[in-house]
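Me: Please take a close look at one part of this model, the place where the two chains touch. After that, add whatever the backbone angles offer.

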Amino acid sequence: MNFSENFKMAIDSVMANKMRSFLTMLGIIIGIAAVIAILGVGNGATDEITGTFNNLGASTISLSVTDEATESEPITENDIAALKEAIPEIERVSPDKTAMTSIQSDFENRQSIISYGTPDLQYTNQIMESTIVSGRYFNQNDYADGKSVIVISEDTAAALFNDRTEVLGEQIKLVGNSGNQLDLTVIGIVEGTFQDLQGSFDLSQMPLYAAIPLTTMEKLNPTLGGIDSLTIQVTDKDAIESVSTQIVRILETRHDAVGENWYSATNFLQALDQVDQVLSLFINFIAAVAGIALLVGGIGVMNIMLVSVTERTREIGTRKALGATTRTILVQFLMESVILCLIGGIIGLILGILLATGVSNALNIVPNITIGSVLLVLLFSSAVGIFFGLYPARKAAKLDPIEALRYE
Amino acid sequence: MIEIKGITKTYHTGGESLTALNKIDLRIEKGEFTSIMGPSGSGKSTMMNILGLLDRFDAGTYFLNGQNVSNLTDNESALVRNKEIGFIFQSFNLMPRMTILENVELPMVYANVSKKERRERALKALDRVGLSDRVKHRPNEISGGQKQRVAIARAIVNEPSVLMADEPTGNLDSKTTLEIMRIFQEINAEGTTVVMVTHEPEVAEYTKRVVLFKDGEIQDDRNQTQKTI
């Protein structure tokens, strides 16, 4: 009795009661479809989030300082220089702050988001990716002297200068909260989309955007207060954890604040960890529900196999009389339950893939169904078949041939 | 050749014990055609089950073709049944979902015969019982007599040394009974030992020897001139 004989016999038997077989498989189908859909969508969501983090800030550390520390011992430009010197992995570092300020040209008067920081802000800015279209970003020189320069986005230029974007050298006036005014020269035009908004905004509603040196901002608004946050980019993603620790330690040492918990550095790994935790909690929960569906499905298979063994008692007796061994009968019935579960698993797999694709399309993500999860599903449904088929199969195999032959 | 000595079989049910077979000695030579007769409860069915290695016994020895088969494991018994014994049942016991050809192939499946050889031998056995034109049909598409002929084909396909038939004509009319008995006689004439349990004396007339059981013992054992068809 070889494998293909057993396989054919089991298929025949499953096909002999199509409706019953299908109903029996239903639990398995639902369970497997749920598992595949959840894994596909969950992995797709994780990929999406990881991808976003990788684009945005895989190598970015955000350092925040408590209010207490900002008042008593604010971070200084010397601190920034010291950090850069002490940690070679730091590529760029800048305060990354924004203010909402009135911005005026000869033609328009609008509100604008103003980012301010060191020249590294060009790269560390978390609000807007800044690609220079014409002119230049403010440099160390501008920063050191607090020069009256401003970098604006193309949209801002268009809004302020009647749709003109070639406005290098034009004058712009900023009005601070305290009424201070500053006349600034446009030195650079950047192109970029607001990262948080993902272009889903109505263009006429889009806030304007401009960037100036921190020192210039201090002139506009003398009561600005100390630097309470830094954005740091590292050269090597893998060093992000150790750099985070070093930054905090150096600042604590410089400000004699060891153990004060003034500084906290967060990086994408931690944020990703949190997202991962939430996602895996969700996935585990649904997986548990799916697991229960599979359990119920498995019990259904066991039930129907027991019915089948009873119905076919005489057949089993006859087979034994004709020379079937205990093992042959065991394998025959196990094969049947495995095939029931496996067909259910395959149908569930197909349904699950369709479901994952549908849900993912609706959520605008790409479902991720790996070969691994497909194999896992097939393996798992076979395992369910063996586990729940074993008892009925043993029952069949152990039947006394005479009793079985006499069974009406 | 079948040789049993001192076979005893007792059933225990709810404190009472019933001796189905009491120290039976029986020797059936190769090529014999033997009827086992007797009323209900005489022990003839138990005898048949033991001879067919379907049932165990409490005491005694059983030699089949010189091999001691008294204390075989379940799997060893299955092997001997497969190779040496062909079974024919009163209610045919064909597999309803299989074709007639597949039914006849089944004992060879358990004997691990190759697919090609199975087909050839099954067709030959079906030809032997005159059913080679029905091989693709299923059991519910043929008559009772035809079913029993399929069962006979299935029983002889592994070329066993003994055929064990338990009331083979019990579900058949007299005309088909004759057909079946004629096939048994032909198979027996080719050298296969046939042992048949029956309670119909007119069926037993077609055999060469009648062993009569009563109350778990052999009451009569005589050779007779076989009635021909």
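Reply: In this predicted model, the contact draws 17 residues from chain A and 19 residues from chain B. On the side of chain A that touches chain B, the elements that give two or more residues are helix H1 (3-16), helix H11 (313-321), helix H12 (326-363) and helix H14 (401-406) of chain A. Of these, H11(A) gives the most, with five residues. Sorted by class, this side of chain A holds seven nonpolar, five polar and five charged residues.

The backbone angles come next. Most residues other than glycine have a negative phi. Against that background, one residue of each chain can be picked out.

In chain A, Asp256 has a positive phi, near 55 degrees, although the residue is not glycine. A:Asp256 sits in the loop that runs between helix H9 (240-254) and strand S11 (263-267) of chain A. Only 8 other C-beta atoms lie within 10 Å of its own, and the cut-off for exposed is 12 or fewer, so A:Asp256 counts as exposed.

In chain B, Leu53 is also a residue other than glycine with a positive phi, here near 60 degrees. B:Leu53 is found in the loop between helix H1 (44-51) and strand S4 (59-64) of chain B. B:Leu53 has 23 other C-beta atoms within 10 Å, and buried requires 20 or more, so B:Leu53 is classed as buried.

In short, A:Asp256 is exposed, whereas B:Leu53 is buried, and each has a positive phi.

Technical notes
Residues are numbered from 1 along each chain as its sequence is written. Chains are lettered from A and ligands numbered from 1 in the order in which they are written. This is a predicted model: local features need pLDDT of at least 70, side-chain atom pairs count only at pLDDT 80 or more; totals for chains, interfaces and linings use all residues. Helices (H or I, at least four residues) and strands (E, at least two) are DSSP runs, numbered from the N terminus. Two residues are in contact if their C-beta atoms, placed from the backbone, lie within 7 Å. Ala, Val, Leu, Ile, Met, Phe, Trp, Tyr, Cys and Pro count as nonpolar, Asp, Glu, Lys and Arg as charged, and the others, Gly among them, as polar.
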